[in-house]
Each structure stands twice: as C-alpha cells, then as structure tokens.
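Thank you all for coming; I would like to take a few minutes to walk through one structure, beginning with its ligand and ending with some unusual backbone positions. Please have a look at it first.

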Amino acid sequence: MTQNLFATRASRMKASEIRELLKLLDQPGIISFAGGIPDPNLFPTEAFAQACQAALNAGPQALQYSVSEGYGPLREWLVQHMREIGVDCSVDNILITSGSQQALDYLGKLYLSPGDTALIGWPTYLGAINAFDAYEPRFDRLMLNGNRGAAEYSEAAGEGAVKFAYLSPDFANPTGETVDLRGREYLLDLADDLNIAVIEDGAYQALRYEGDAIPPVLSLEQARKGSIEACRTIYCGSFSKTLSPGLRVGWVVAAKPIISQLVLVKQAADLHSPTLNQMAVEQVARTHFATHIPLLRKAYGARRDAMLEALQQNMPDGVQWTHPQGGMFIWVTLPTGMNGADLLARALDTVKLAFVPGRAFFADGSGANTIRLSFSNSDEDTIREGIRRLGIVLRA
Ligand code: PMP
C-alpha cells in the first residue's frame, strides 16, 4: 500500500456528508429533502434524444476530440444568453467546462497557492469548499448578509495573500438567500480595495420564482468599468439546474487573459468537455431554453410555496427559516444547543425523513444548529408530509 506517499492535500479531502447520506435513501417510505438535485421528471428528455440523434446524424465529429475552449455554436448561444442577463461578452470570453464544479476546481488551481486566503460565505456551497480546499488555502468569512443589504468582512489573518471572494449571489446553496444590489456593489468595492478576483457562481440564476432579477455581479462591474476586459469578476454558469446535470456542461465568462489561462488548465486536465454533450446542449438550449425555464419556475415555485406554508404550520417556536426567492433550498436555524446531525439521526430512525445537517457548509465546522431542506425533488403533498414529520421530531 502507498497511502503514506499521498501529497499533503490528500489529508484535507473528506467524503461529503451529503454523499454518504444519499446512500441511505433507498429505504422504502423515506422522504428526502437532502440532495439538492433537480426533478428528473422535469428534464427535457425527448428534446435531448432528438438532439443527440441529430448531432450523430450530422457526422462523426460528435464523437471526435474537439477544442478546449468549447463547441463554437454553444459559446455563441451563451453570448446571447449572457447578454439577456446583462453581461456583454464575446465568444473569446467564454470557456465551456464539465459542469460549474470543474470551473471551481480550475479556479482554485489557477489562483490558490498553499496558505492563500479565499473569502467564502459562512455557510457556503460545500462543493466549493471541497474544490478550493485541495489547493490548501485558508478560508475567511465573506458576509454579505443575504437580503438584509448590510455587509461586513472580517480581516483575513495570516501571511498568504487574499486571492478571491467566492459567492453564489442568487438563491445560494445552502441558504436560499440572495445578495441584494447593495451587497453586490459592496462586494465590488471590497474586491477593488483588496485587489482580488470575484468568483460569481450563477448555478441557480435562472430559477427565480418571485421578485425582479438583480443584475449579476459581473454585469454591475461591467457597468462600472466599461468593458469585460477590465473586470475582475469571473462568472460560472451551469446547465445542470435548467436542462440536465448528468451531461455535465457548464461555462465560465471572464476577461480574455483569464479565459486563456483557464484553457491551459483545461488542456492539462481533460483536454475538453465531451463533444456530443456540448452539441446536444447547444441544440436543446437553442430550441427549448426559453420555453423550458418558465415550466421549471412554475413547478419549483409551487414546491417552495408548499414548503414555506408547511413550515409556518408545523414548526415549533424558536425555529427560523429563510424565504428564498428562487433556487432549491430553505435553510432552517434550530434553537441554540440543538444539533442538526442528531436531529437527522432521529428523523431517519423515527419518521423516515432525510435532510442535510448544516455544519458541512461551514468551513470551520460550526453551524451545528442548522439544517438544509431541498424542495426541488418532491411533489407538494410529499413536501407537506415531510415537514409534518419534521415538526414531530422537533417536538419530540
Ligand atoms: N454551484 C452550486 C452553488 C451548486 O449548488 C452546484 C451543484 N449542486 C454546483 C455549483 C455544481 O454544479 P454543476 O457542476 O453540476 O454545474
């Protein structure tokens, strides 16, 4: 055995609490609000069947190696899509990645030397913590205070340089919260002051069920600085929550020198994202995106409403929760002293209910009295029943 030869970074890699948990969910009768996964019944499956067939019928290029930057027509579609959400860019500002998860890994690789500081939310997306952690950074808090607009940044202690701030400004995983315009502008001031990059994770951007869209951080920076080439914000997009997570297609939008360097990272890592998948996504995005998003908003919005209403009816005093305007998650804060992991053990055992204890989303393992509920993959009746069960274990 050669485990003693692993690099120091290997000791920082932990099995995700969520993945371990998902293994337990095959039991009959269980209601799961655990995985933050889209409802497969809402995938445009027929459209993908046709798109894959069309791509293969067009010739063998769909099965061939292709360029690291990504499939040209998909990048062209994304130029239009980014324009619709307020970002003005060209195809040369876009790199296709294998999901936005790969973009987070590449950005960690590109920016972080051991000991450097990454500013992240407290809590933040677990997959981002894990992706960055492999590059041996320190983490410090970026507090933009959700919908409340106030902002605070705790000075990073230590010698390593602060390299970037990472955030998911719309309907974040795990809290469901959105950073308002003031918080986004504050973030840009902070990034200019500290001379750091901003990694904007737009994974849930399209899934708004209420209220008006807030421009992406990249769009606001562009408005300040005139051109994307002057911007420090790196936008990571994904088709996972809108069209299909399994095809693993995402994208990065940034100033050209950043994209060029990321292309080198990609060449060294996996050459390019799968050709056929990119071709299929391009066709389905072109023909179905505009009509498919309203269907998702309607379906997921109704589930969010059902969960919020059921929480109102079933939660005992002292329990608080967020009111997300989109996305897939509601974040619940239990009374101090209560432990989300213990609650999960009891919920699985006594009422067959699963969710994710919130601690995993804090880089320092704090947040024991929080849990994440996902409403995306259960119908309204199941959501109501699951929250009723949560009320029972909380009162027990
Ligand atoms: N960012 C956030 C905030 C997420 O929740 C996820 C998936 N759960 C990702 C990125 C990664 O998504 P993908 O790699 O499928 O694009």
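Before I describe the ligand's surroundings, one convention: Ala, Val, Leu, Ile, Met, Phe, Trp, Tyr, Cys and Pro count as nonpolar, Asp, Glu, Lys and Arg as charged, and the others, Gly among them, as polar. What you have in front of you is a predicted model, and in this model the shell around the ligand divides into three nonpolar residues, ten polar ones and one charged one.

Which residues come nearest to the ligand? Of the 14 residues around it, those are Gly-99, Ser-100, Gln-101, Ser-238 and Ser-240. If we turn to secondary structure, helix α4, which runs over residues 99–111, gives the most to this shell, with three residues.

Let me stay with α4 for a moment. Its end C-alpha atoms are 19 Å apart, which agrees with the 18 Å that its 13 residues should span at 1.5 Å a residue. Is this helix mostly covered or mostly uncovered? It is mostly covered, since eleven of its 13 residues are buried. Gly-99, Ser-100 and Gln-101, which I listed a moment ago among the residues nearest the ligand, are among the buried ones, and the buried set also includes Leu-104, Asp-105, Tyr-106 and Tyr-111.

I turn now to the backbone, and to the cis peptide bonds. One of them runs from Trp-122 to Pro-123, with omega near 15 degrees, and Pro-123 is found in the loop between β3, residues 117–120, and α5, residues 126–133. Another cis peptide bond joins Asn-173 and Pro-174, where omega is about 15 degrees; Pro-174 has its place in the loop between β6, residues 162–167, and α6, residues 181–194.

That loop between β6 and α6 also holds Phe-171, which has a positive phi of about 55 degrees although it is not a glycine. Is Phe-171 buried or exposed? The cut-off for a buried residue is 20 or more other C-beta atoms within 10 Å of its own, and Phe-171 counts as buried because it has 25 C-beta neighbours inside 10 Å.

Asn-195, in the loop between α6 and β7, residues 197–201, likewise has a positive phi of about 55 degrees without being a glycine. For an exposed residue the cut-off is 12 or fewer such neighbours, so Asn-195, with 10 C-beta neighbours inside 10 Å, counts as exposed.

Notes
Residues are numbered from 1 along each chain as its sequence is written. This is a predicted model: local features need pLDDT of at least 70, side-chain atom pairs count only at pLDDT 80 or more; totals for chains, interfaces and linings use all residues. A residue is near a molecule or strand if its C-beta atom, placed from the backbone, lies within 6 Å of it. Helices (H or I, at least four residues) and strands (E, at least two) are DSSP runs, numbered from the N terminus. The expected span of a helix is 1.5 Å times one less than its number of residues.
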